[in-house]
Amino acid sequence: MKKRSREKENPAFSPLRASAEKLLRDIDLNDQFVNAKDFKAVFQELQVHQIELEMQNDELRLINVELERQRGRFSAIYDEAPVGYIILDHAGVIKDVNSTGLNLLKSSHKSKVMGNRLHNFISSEDSEEYYRFFVQMLKSKTTQQCELKILGKDHFPRYTRLQGSVQFTIDGRTECFIAMVDITERKRVKHELAATKERLELSLKASLAGTWELDIDTMTFFIDESSHSICSMKAGSFTGKLSDFISLIHPQYRKEVEDKFRISINSNKEVDVICRFGNSDDKNCYIVIRGHTVPDEKAGKRLVGIIMDITEKTQMEKYSQRLMSEQQKKIAAATLLTEENERRRISGVLHDSVSQLLYGIKMKLRQLGKDKNASEEIDAINSLLDEAITETRNISFELAPSILADFGLVATVEELVRRLSTKDLQISFKRGAVSGRMDLLLETNIYRIIQELINNVMKHSGASLLNIEVRKNKLIEIIVKDNGNGFNVTDQEASTSGSGLSSIKNRVSLYNGKIDINSIPGTGTTVHIKLSDQISE
C-alpha cells in the first residue's frame, strides 16, 4: 500500500503516529511468540484501522471547513446585529463586544473597550442597579434584565435595556452573555407621550371636560374618570354600553343624542350635541358631546370625542338672557309710560286749552247771533265749531281718556265701544268676573290692546260684527272675535310692515302674556290673549 505523505497528515494525528512507530520498534519480530502469520494478521488489522482513521480525518476536515464557514457567517451576523452583544468574565470585565455594542459604548475600537469593566460605562446614578443586575445574574444562573443609562466618551446618556445570562466554557470558566438594546428613542417618545397626556389631562380638567370612545363593531362605550365626574356617575356603575349611557340623559334630549350618534355612525359625520344630563328635574347638569370617526386597521372604525360640562356657561347665558329680557321689559314699560304721559299731556292741552277756546268762540257767536243780518253765517260757524269740539273730544279721548283714571277699565271700554259702533260695524262688549279696579298701568295697557285690535278690525277685516270679552280669574283674558275676511297668520307674523301687532306683543310681554291668533281667510279672526296682573321681573 502506498504510504500517505506526512505533510498531508492532520497535525492532530502526529502524536498518535509517533506512539504507533515507537510501539513497533519495541516489538521483537524474532520473538518466539510472534510468528509470521500472527504478524501478518496484526499488520492487516493495523492497515484497516489506518484506513478508518484516514476516512475519519477526511470527514473531520470537511466538518472543520463547514464550521469555519458557519463561524464566519455567525461572526458577520453577530458583529452587524442591531442589538449590542457583550461578553463579560466573572468579574464583569469585557472580553468581547460587537459593532452595535461599541456604538452604544461610544467607542470605535474594541481595544479601547476590551479589558475594561462594563461598570465604568454605566451612569453613576444607575451603578447600584447594574450591580444588583450583575450579582443576581451570577447568583441565580437565570436570565436577568434591567434598564440603565450608558455614558459614552461625550457623556451623552443612552438609555439601554440589558438582558443577560451566565454560560460556562469547556474549560469551566464563567462567562456572561449580555444583549444590550438602545431604548433612548422609545424613552423619549414615552416621555413626550406622558407629557402630552399630562397636558391634555390638565387642559381637560381646566375646561371641565373628559374623553369618550365608541367601538362601533361592539357598541362598547368607554368614558374616562373625568367624564364619570362630569356626569355624576359612580366608579364601576357604568355598564359600558352606549344605550345605557343615553338612558342617563334627560328624556327631553335623549332622542336628539341618539339621532346624532346614528348619523355619525352611518354617514361619518361629527357628533356635536348639547343635552341635559340626569333624569331629575332638580339637577341642572348640561353637557356638550363632540366627536368624530377615526379609522383603525386593528380595531375597525370607532368614534372618539370629548364630554364638556357647560352647566355654568348655560346658567350664565340664561341669567344674561333673563337680565336682557328684564331690561327690555323695563325699557318697554318706561317707553309706554312715557307715551301715556305724553298722550295725557296732549289730551289735557286739547281739553283744557283748545276746547275752552272753541267754547269761548261759540259763546261770543251767540252774543252776535242777535244780529238778524248775520244769523245764517253765524249758524254755519256754530255748526263748524260743534264739529271741531266733538272731534277735539274724540282725539282727547283716544289719546288719554280721563274716564280711565276716574272710572276704570270697564267704563272706558264701554265708552270706546259706544263711540266706535256704527251701522256698518256693530261692536259688543262683555265683561266676565271683572270687578273693582286694577293697577292703572295695567288697565291702560289692556285698554290700548283692545283699542289697537279694534283699529285693526276696522282697517283690514271688513267685518260687520265684533265681540269683545274681558275675563279675570287667575289670569286676565282678552278675547276679540270678528266675522271679517280673516288672514294667513304665518304670513302676517313674518311680515315686517305694520306696528299694530308689534305694539300689542310688547305690551303683552310685559306681563308674561301669550297671544293666540286663530284666523282662516274668509272665516273671520279670533284673538285670545292671556296675561298676569303684574309686570314680570
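**Surface, sheet, hairpin and helix in a predicted chain**

The chain exposes about 34,900 Å², and 54% of that comes from carbon and sulfur atoms. This is a predicted model, so every value here is computed from it. Of the chain's 537 residues, 33% count as buried. The tally of secondary structure is easy to remember: 15 helices and 15 strands. As for who touches whom, take the contacts with a separation of 6 or more: 53% of them are made by residues 24 or more positions apart.

Now for the sheet. Five strands make up an open sheet in the order S2-S1-S5-S4-S3, and the pairing is antiparallel. Strand S2 (94-97) and strand S3 (144-151) stand at the edges with a single partner strand each, so one side of each has no neighbour in the sheet. On average, neighbouring strands of this sheet are turned by 30° against each other, direction ignored. Zooming in on one pair, strand S4 (residues 157-168) and strand S5 (residues 174-182) run antiparallel and are joined by nine bridges. One of the residues to look for here is Gly 164, whose bridge partner in S5 is Ile 178. A helix joins the picture too: H4 (residues 127-140) lies across strand S1 (84-89), S3, S4 and S5, and runs at about 145° to S3.

Further along comes a hairpin, built from S6 and S7 with four residues between them. In its turn sits Met 219, which has a positive phi of about 60°. Strand S6 (residues 209-215) runs antiparallel to S7, and four bridges hook the two up. Across the pair, Trp 212 stands opposite Ile 223 in S7. Strand S7 (residues 220-223) also shows its side chains alternating. Phe 221 and Ile 223 point to one face and are buried, whereas Thr 220 and Phe 222 point to the other face and are not buried.

Helix H12 (residues 409-420) has 12 residues. From its first C-alpha to its last, H12 reaches 16 Å, close to the 16 Å expected at 1.5 Å a residue. Plenty of names turn up on its buried list: Leu 409, Val 410, Thr 412, Val 413, Glu 415, Leu 416, Val 417 and Leu 420.

Last, the cysteines. Two of them can be placed by their accessibility, with buried meaning under 20%. Cys 176 counts as buried because its relative accessibility is 0%, and Cys 285 counts as buried because its value is 7%. What about disulfides? With a pair of cysteine sulfur atoms within 2.5 Å as the test, the count comes to zero.

Methods. Residues are numbered from 1 along each chain as its sequence is written. This is a predicted model: local features need pLDDT of at least 70, side-chain atom pairs count only at pLDDT 80 or more; totals for chains, interfaces and linings use all residues. Side-chain values use heavy atoms; hydrogens and water are left out. The expected span of a helix is 1.5 Å times one less than its number of residues. Buried means under 20% relative accessible area, exposed over 50%, partly exposed in between (1.4 Å probe, protein chains only). Two strands pair if DSSP finds at least two bridges between them. Axes are lines fitted to C-alpha atoms, for helices over the stretch in contact, and angles run from 0 to 180 degrees between N-to-C directions. Contact means heavy atoms within 4.5 Å. Accessible areas come from the Shrake-Rupley method with a 1.4 Å probe; for residues, only the protein chains shown count as cover.
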